[in-house]
Amino acid sequence: MWIFDKADGEARLLRHRSGHSAPPTVMRYYGEGAHLLSAGQDRAFRLFSSIQDQQSRELSQRNIERRAKRLKVHEQELKLPPVRAMAACRIRERDWCNVLTAHADEPCAYTWRLYNYVIGEHVLRPPGKANGPVSAVAISACGTVGFVGTSCGRMDRFNLQSGLHRGSFVDGNLGATANAHGDAIVGLHADSANKIVVSVDQAGNIKSWQFRNRRLKLSIQIRTSVLKSAFHGGTCLLAVADHVNTVRALDMTVGKVVRIFKGHEDRVTDMTFSDDGRWLVSASMDCRVKVFDIPGAQTIHTMVVEVPPTAVSLSPNCEMLATTHSEHRGIYLWANQALFCGEQHALPGAGKGVEETTLSLPRIRNEDDDEEDDLTLMQPGAADEASRDEEQSFDVQRSLSDLARKESDRLAGGMGQSGALVTLSQLPVSHWQPLLKLDAIKARNKPQQPLKKPEAAPFFLDSIPSLESTPQFVKGSTDEPASKSSGDSRIMQRTGLDGRQNVL
């Protein structure tokens, strides 16, 4: 939206709404689940709101537009390289920078002040030379300490408030390298109690360090290259994905592998834990998103999409799953089916032989798509192919509707419920959650004193004739029983008053 309010009649940009101009590659939920942090190949770092789209915006990189005009170059050329890793903590959002990002081929990590939607004033650069680009970042649970890992195996600690270097992590068994790892670091994680820091390198070496004195606590070798890692700070569970498409879950308090999940047929692109640590969601290039139940050691759901997912993130309340896909510029939100079924910690059909659910991504048609469709239909044999696709999509929609109807019937009468009970699975949480505290609400709203019936007042009130603007009512005129006991009618009383006024 442009407004023409300048003296020379030129227009200025008043308000605009936009998104990523290139597919996003890194995405995470921020805070309580109402916002999403995402970065893509367009070199933009954005904050999206899953409730109100008006709150979505791009974080400023300080005077990009002014510098581009002065240098006569495109704005995208002056932006930072694409983000490869990010870490955020909401505790110190109002005090100092609370977001840390690692960019492609950058030897330093950048801080962001999310409260002001602007890049931070500190740049975390490891001391020394030939450190290599930063490949992993992490922030402590208190939001005060930031950790930076490089592709050369170096690992450093910084203070986010001042941006000062607070020491390096060194493994004495590596010899003269004086680094934490001998290979590129692909993951850095800190627990929620500020006791340990976990680092993972590309060669499969997993190390746990003490948070305060930076000493090596334990080291694990899984003898395979690691591509991705995810960490749950409350339970100290670490998930790593290797090059053979296997996902391993390790307990970093004892340093042992506790779960091994298989099923992916291609490279794992991203992983995330649920807030309670029971579920592990992984995405791979085989167009599958799998949900693993860690206590049950089984796959409880598999979702097949049209385009390979590049990033996944689960909301803190496990209500929504956000995904990004290759060659797609949007962020897709999926509702959690487990919240609408009778089982609390497993999806329908969990266990052996889980059926895969094929879902299509929603699309927004534009003029370019319409032109491409017209050109496609002009080709020989395209009409038959289009009709087959339409019939196939209709069959998928009909099967999904039948599945939803069977599920509703199962919830209504197939769970052994009494006919007098009410099923509230189709209502939002805000509708039925107050019923759990209904007694407390009734006790709070109970009146402290009994209700009193108001006194009956007559329809007409007697007044004394006078020249004043404010009327003067006759005292005791509301006493209806007294007027009846006197035996005189109201007409006689008013006549007496009028006569008395005339005498005076």
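Biologist: How many salt bridges does the count come to in this one?

Modeller: The count comes to 14 salt bridges, where a salt bridge is a side-chain nitrogen of Lys or Arg within 4 Å of a carboxyl oxygen of Asp or Glu. Bear in mind that this is a predicted model: local features need pLDDT of at least 70, side-chain atom pairs count only at pLDDT 80 or more, and totals for chains, interfaces and linings use all residues. Residues are numbered from 1 along each chain as its sequence is written, and side-chain values use heavy atoms, with hydrogens and water left out.

Biologist: Why is the pair Lys-79 and Glu-58 called a salt bridge?

Modeller: The closest N and O atoms of Lys-79 and Glu-58 are 2.9 Å apart, and the rule asks for within 4 Å, so the pair qualifies. Lys-79 sits in the loop between helix H2 (75-78) and strand S7 (83-88) and Glu-58 in strand S6 (residues 57-58), so the bridge ties together parts that are 21 residues apart in sequence. Those elements are DSSP runs, numbered from the N terminus: helices are H or I with at least four residues, strands are E with at least two.

Biologist: What makes Lys-79 buried, and what is Glu-58?

Modeller: Buried means under 20% relative accessible area, exposed over 50%, and partly exposed in between, with a 1.4 Å probe and protein chains only. Lys-79 has 17%, so it is buried. Glu-58, at 31%, falls in between and is therefore partly exposed.

Biologist: How do you know that Arg-288 and Glu-356 meet in a salt bridge?

Modeller: Their N to O distance is 2.9 Å, so the 4 Å rule is met. Arg-288 belongs to strand S25 (residues 288-293) and Glu-356 to strand S30 (residues 356-358), so this pair joins parts 68 residues apart in sequence. Arg-288 is buried at 15%, while Glu-356 is partly exposed at 41%. Salt bridges that share partners also join Glu-265, Asp-286, Arg-288 and Glu-356 into one network.

Biologist: What makes S27, S28 and S29 a sheet, and which are the edge strands?

Modeller: The 3 strands form an open sheet in the order S27-S28-S29, with antiparallel pairing. Two strands pair if DSSP finds at least two bridges between them; strand S28 (residues 320-325) and S29 have 5 bridges, so they pass. Strand S27 (309-314) and strand S29 (331-335) are the edges, each pairing on one side only. Along the S28 and S29 pairing, Thr-323 stands opposite Tyr-332.

Biologist: Why is Leu-47 called buried, and what is it in contact with?

Modeller: Leu-47, in strand S5 (residues 45-49), has a relative accessible area of 4%, so it is buried. Contact means heavy atoms within 4.5 Å. Leaving aside neighbours within four places in sequence, Leu-47 has contacts that include His-35, Leu-37, Leu-59 and Tyr-117.

Biologist: What makes the pair Arg-113 and Glu-121 a polar contact?

Modeller: A polar contact is a pair of N or O atoms within 3.5 Å; within protein, one must be able to donate a hydrogen and the other to accept it, and residues adjacent in sequence count only if both atoms are side-chain atoms. The side chains of Arg-113 and Glu-121 are at 3.1 Å, so the distance fits. Arg-113 lies in strand S9 (residues 109-113) and counts as buried at 15% relative accessibility.
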